[in-house]
Number of protein chains: 4
Amino acid sequence: MSRTYRLVVACPDRVGIVAKVSNFLATYNGSITEANHHSDPVSGWFFMRHEICADSLPFDLEGLRTAFAPIAKEFGMEWKITDSAERKRVVLMASSQSHCLVDLLHRWHSGELHCDIPCVIANHEDLRGIVEWHGIPYFYVPVDKENKAKSFDRVAQLVSEHDADTIVLARYMQILPPSLCEEYAGRIINIHHSFLPSFVGAKPYHQAYERGVKLIGATCHYVTEELDAGPIIEQDIIRVSHRDSINDMVRLGKDCEKNALARGLRYHLEDRVLVHNNKTVVFS
Amino acid sequence: MSRTYRLVVACPDRVGIVAKVSNFLATYNGSITEANHHSDPVSGWFFMRHEICADSLPFDLEGLRTAFAPIAKEFGMEWKITDSAERKRVVLMASSQSHCLVDLLHRWHSGELHCDIPCVIANHEDLRGIVEWHGIPYFYVPVDKENKAKSFDRVAQLVSEHDADTIVLARYMQILPPSLCEEYAGRIINIHHSFLPSFVGAKPYHQAYERGVKLIGATCHYVTEELDAGPIIEQDIIRVSHRDSINDMVRLGKDCEKNALARGLRYHLEDRVLVHNNKTVVFS
Amino acid sequence: MSRTYRLVVACPDRVGIVAKVSNFLATYNGSITEANHHSDPVSGWFFMRHEICADSLPFDLEGLRTAFAPIAKEFGMEWKITDSAERKRVVLMASSQSHCLVDLLHRWHSGELHCDIPCVIANHEDLRGIVEWHGIPYFYVPVDKENKAKSFDRVAQLVSEHDADTIVLARYMQILPPSLCEEYAGRIINIHHSFLPSFVGAKPYHQAYERGVKLIGATCHYVTEELDAGPIIEQDIIRVSHRDSINDMVRLGKDCEKNALARGLRYHLEDRVLVHNNKTVVFS
Amino acid sequence: MSRTYRLVVACPDRVGIVAKVSNFLATYNGSITEANHHSDPVSGWFFMRHEICADSLPFDLEGLRTAFAPIAKEFGMEWKITDSAERKRVVLMASSQSHCLVDLLHRWHSGELHCDIPCVIANHEDLRGIVEWHGIPYFYVPVDKENKAKSFDRVAQLVSEHDADTIVLARYMQILPPSLCEEYAGRIINIHHSFLPSFVGAKPYHQAYERGVKLIGATCHYVTEELDAGPIIEQDIIRVSHRDSINDMVRLGKDCEKNALARGLRYHLEDRVLVHNNKTVVFS
């Protein structure tokens, strides 16, 4: 893939936004490889993402930002421009279950996920071996009822030291403190093992079994302070029946979890997810 | 399809049930066209359904029941034997939305649904034309806040007069009174326009839109007194995105509703659904 | 829905197309409700669709076309501008199977499909009743081996007399003559009852049963001279198993056929389908 | 999971099979945890699988086989009895692509796949590291046009030396010789990266892209001499659009391949797959 700049914009809708932006790009001979727009008639907001060949523009990243800033100001835009060559730094957090973590490690290792993984932080030792085989540092930060504050200070320190852009909770079975949620708002991705908003909280497969549903699922979402209530990025489901025990559901659900998390993270890494009013626009 | 008897059994699990039943059938030279078993290790219950060529047995329906009764008693079975040639009598109830009703009428008319439809009861007049075109009587029973009891007395009377085995709420937007729920327990089928247990109650597509889910669905379930909490027979989902307005969700969801209801009703008509502990075993 | 103009464009890709078009629209204060773009790096072509509030522009349909023509010429565009208020005229063709025809009739009758249906043409009499109930003329044009040419002359005459924009083969089990395929190229929609390119031609469910596939499907495509080889608009699948007979597959497949055809036709009616190199871009 | 015996039977259908078998089991007080039956009216064959608590029977595996043999003979059964405690020995074969191999290794390592993996054989060196990290011997057997016969002699020798019950081609991009296909008939599992019978042979994603399909898929099947024509065990699909390049299809398809292969292998390992007339009965 050739290097691209990604221009991502959200602003109140009005006539002339696309014209202004595409003129700007055309003036500098920018070659657009992908363009997406969305007008939300309910909120009155407009969302846009352009992917532009970096080589086609006479700017480096900072230069492009400087040149675009007046347009952003004129339209009251929330905006960012990123460079596909600057890989995001993603810290993975896990507990003892391996499926989501190993799935992400493999996708990264085989070149499918374009990011750096500066470290893995886990509250169990179980997954050290496979992580270190991938050449990634593994930090064991146990979390007990008594030491929670101290543990999460350590987590915050590690995340900061490793310059993380993004935190992924790959079946990390602890609730992050509000301070961390706030500091990395829109940049912490969780995989919840149910089809939200069904079965919030603990043991969703047990809840699903009890209720006798015929489909189970998984939800990839941004973490907010309220448990399992953040903006949904991606969901997946699989059919179950009376023959499936809770253990079967756990096993079947793992594939949903892996797929939903991998797709959601990919969208995030490629700056395809825009959050507004606790909902997402995903330019997939 | 040739005529079959359906032997449907639920009882506490123990060794020898299948042997006893299959011996019984083999003794009389019964030709089994389909057999399903399920042992639930959690509840300790056993579920079984046999479909047997009627011609292969030396019994009429009553004779078969009489011959089988001692086995049922020995094992403490909840059981029934039905005859595929005796079509169930299904009363459809609707409001003003047509999609589920018309879908069922067409499936019935084209021979896909093996049942009789003695009448349709609706609290609006909108659907009279298409129902009567199918040669089915249409009863308009309006439901107002002031006349609810009287209206449902009329509904109960109509259902009873038409010898209904089963009532299908094909997007009937009223809540049935507890007395009716009780009288037809396990025989009233509703289609709820969400993926239960998400979005119970009114306006589920609006709720789904607000929450920003990426999949919407529909749930076919038996009606119990508690709203949208009865045993789930079948569910279906469809993918949505930020581009879909509430109206789009309503439109897309209709196809889920039709499919889940038609499949669920079919299972019911063929005596494939066994209810235990507010959950279903569906021998599909 | 408020009235919109739809500007649909395909042309060789180059810098400045979007800028030019969006400038044009912004100059006249056009309010864009939906915009889609696609650059195909393999063919080097660019595809674009805009939906614009008709009221926001100072043009009627012809005026808009005239104003846009110079841009289209400059970029060598294949293009059209349509008016959402001008409903397409869709002639439905059927044989004796009812499911696709009735499904489309119901969607049309309930306001889900925005088109006119000037008539139905069938080579059997079976479906006259339900068609005429909908107030639509029904023409019976039998097709025998001996009279094919004459029959299709009659079909062509009927289609022409009813000013059809589009022909939908709703399980019409005859092969149209090349002349008709050519005259209505890109405007004849067929539903094939398999997941193409698997099981081309006759009796695809029998072929699927023989091969022992675990999923069956349906394909909505534009008709070209070569049988079942035209551009694919939409596909749908459903899971099957060893328990499903050919009859079960036929029954289950019907739901795929209905859904794929209805979605594909909807995309066509809203001018969301662009054909290039025997493939489609569908701005769904 | 407690230890079970699996009794798997295929024979011409007739009255009394189930009675005979279930009597046999009941006589010895066998506790059945799962039972599946299938009568195929087209071929006239009957298929049956029982899973029985090993502890509930007064037999060891050989004793059970000896006791059951007369029944098998009486009904002309193709049959086997296996012991869940005797894990199958599965040799994995791969080329340079990692996704299917790593997925199976992880499922095995985390206890999801109940088998032994005595070795991996590959015609590239790329995957040695991850395989050896799992503690599994890795044999590099290059295959060139000139040395094919010799290479496959080596493969056959390795498979034999490692006492393989089953061979899994985890995206092994070579065609096995007929002798090997025959020796391990019904025990070589392949994953083909298309929805068979669409896109047989090389580069199916390229074929899919060319044809412009809207869904791509993967097929897990037993290998026979005829390429991609063996009995299908499992299939999976995913939706694609005009936005997806061949590379995108390759990436998206990988998840289908992994899931279809893992499910298919699991069915095989649990003796849930019965082959008859180049088709499978899968008691999933």
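Here, a residue counts as buried when its relative accessible area is under 20%. Keep that cut-off in mind for these close-ups, which come from a predicted model.

**View 1. A lysine and an aspartate pair up out of the solvent in chain A.** Lys88(A) has a relative accessible area of 14%, so by that cut-off it is buried. Its salt-bridge partner is Asp271(A), with the closest N and O atoms 2.8 Å apart. Lys88(A) sits in strand S5 (residues 88-94), while Asp271(A) belongs to the loop between helix H8 (246-269) and strand S13 (273-276), so the pair ties together parts that are 183 residues apart in sequence. Asp271(A) is buried as well, because its relative accessibility is 3%.

**View 2. Two salt bridges, each within a helix.** In helix H8 of chain A, the side chains of Asp248(A) and Arg251(A) meet in a salt bridge, 3.2 Å from N to O. These two are 3 residues apart, about one turn of the helix. Arg251(A) comes in at 17% relative accessibility, so it counts as buried. Over in chain B, Arg107(B) forms a salt bridge with Asp103(B), and here the closest N and O atoms are 2.8 Å apart. Both lie in helix H3 (residues 99-109), 4 residues apart, and both are buried. The spacing makes sense, because an α-helix has 3.6 residues a turn and residues three or four places apart point the same way.

**View 3. Arg6(B) and its surroundings.** Look for this arginine in strand S1 (residues 4-12) of chain B. With a relative accessible area of 9%, Arg6(B) is buried. Its side chain reaches the backbone oxygen of Leu269(B) at 3.1 Å. Setting aside neighbours within four places in sequence, the residues in contact with Arg6(B) include Arg49(B), His50(B), Glu51(B), Lys80(B), Glu270(B) and Asp271(B).

**View 4. A phenylalanine from chain C meets one from chain D.** This is one of 19 aromatic pairs found over all chains. Phe195(C) and Phe195(D) pack edge-to-face, 4.8 Å centre to centre and with 65° between the planes. Each sits in the loop between strand S10 (188-192) and helix H7 (204-211) of its own chain, so the pair joins two chains. Both Phe195(C) and Phe195(D) are buried. For an aromatic cluster, turn to chain A, where Phe24(A), Tyr28(A), Phe59(A), Phe68(A) and Trp79(A) form one.

**View 5. The buried residues of helix H1 in chain D.** This helix covers residues 17-27, and its buried residues are Ile17(D), Val18(D), Ala19(D), Val21(D), Ser22(D), Phe24(D) and Leu25(D). They pack against helix H1 (17-27) of chain B, along with strands S1 (4-12), S2 (32-40) and S3 (45-53) and helix H2 (61-75) of chain D. After H1(D) comes Asn29(D), with a positive phi near 70°.

**View 6. Where chain A touches chain C.** Here 15 residues of chain A are in contact with 15 residues of chain C. The buried area is about 1,100 Å², and carbon and sulfur atoms give 58% of that. On the chain A side, helix H1 (17-27) and strand S2 (32-40) are the elements that give two or more residues. That side has 6 nonpolar, 9 polar and no charged residues. What holds for salt bridges across this interface? The rule finds 0 of them. There are, however, 3 residue pairs in polar contact between chain A and chain C.

Methods
Residues are numbered from 1 along each chain as its sequence is written. Chains are lettered from A and ligands numbered from 1 in the order in which they are written. This is a predicted model: local features need pLDDT of at least 70, side-chain atom pairs count only at pLDDT 80 or more; totals for chains, interfaces and linings use all residues. Side-chain values use heavy atoms; hydrogens and water are left out. Contact means heavy atoms within 4.5 Å. Buried area is the accessible area (1.4 Å probe) that two parts lose on being put together, summed over both. A salt bridge is a side-chain nitrogen of Lys or Arg within 4 Å of a carboxyl oxygen of Asp or Glu. A polar contact is a pair of N or O atoms within 3.5 Å; within protein, one must be able to donate a hydrogen and the other to accept it, and residues adjacent in sequence count only if both atoms are side-chain atoms. Ala, Val, Leu, Ile, Met, Phe, Trp, Tyr, Cys and Pro count as nonpolar, Asp, Glu, Lys and Arg as charged, and the others, Gly among them, as polar. Rings of Phe, Tyr and Trp (its six-membered ring) pair if their centres lie within 6.5 Å; planes under 30 degrees apart count as stacked, over 60 as edge-to-face and the rest as tilted. Buried means under 20% relative accessible area, exposed over 50%, partly exposed in between (1.4 Å probe, protein chains only).
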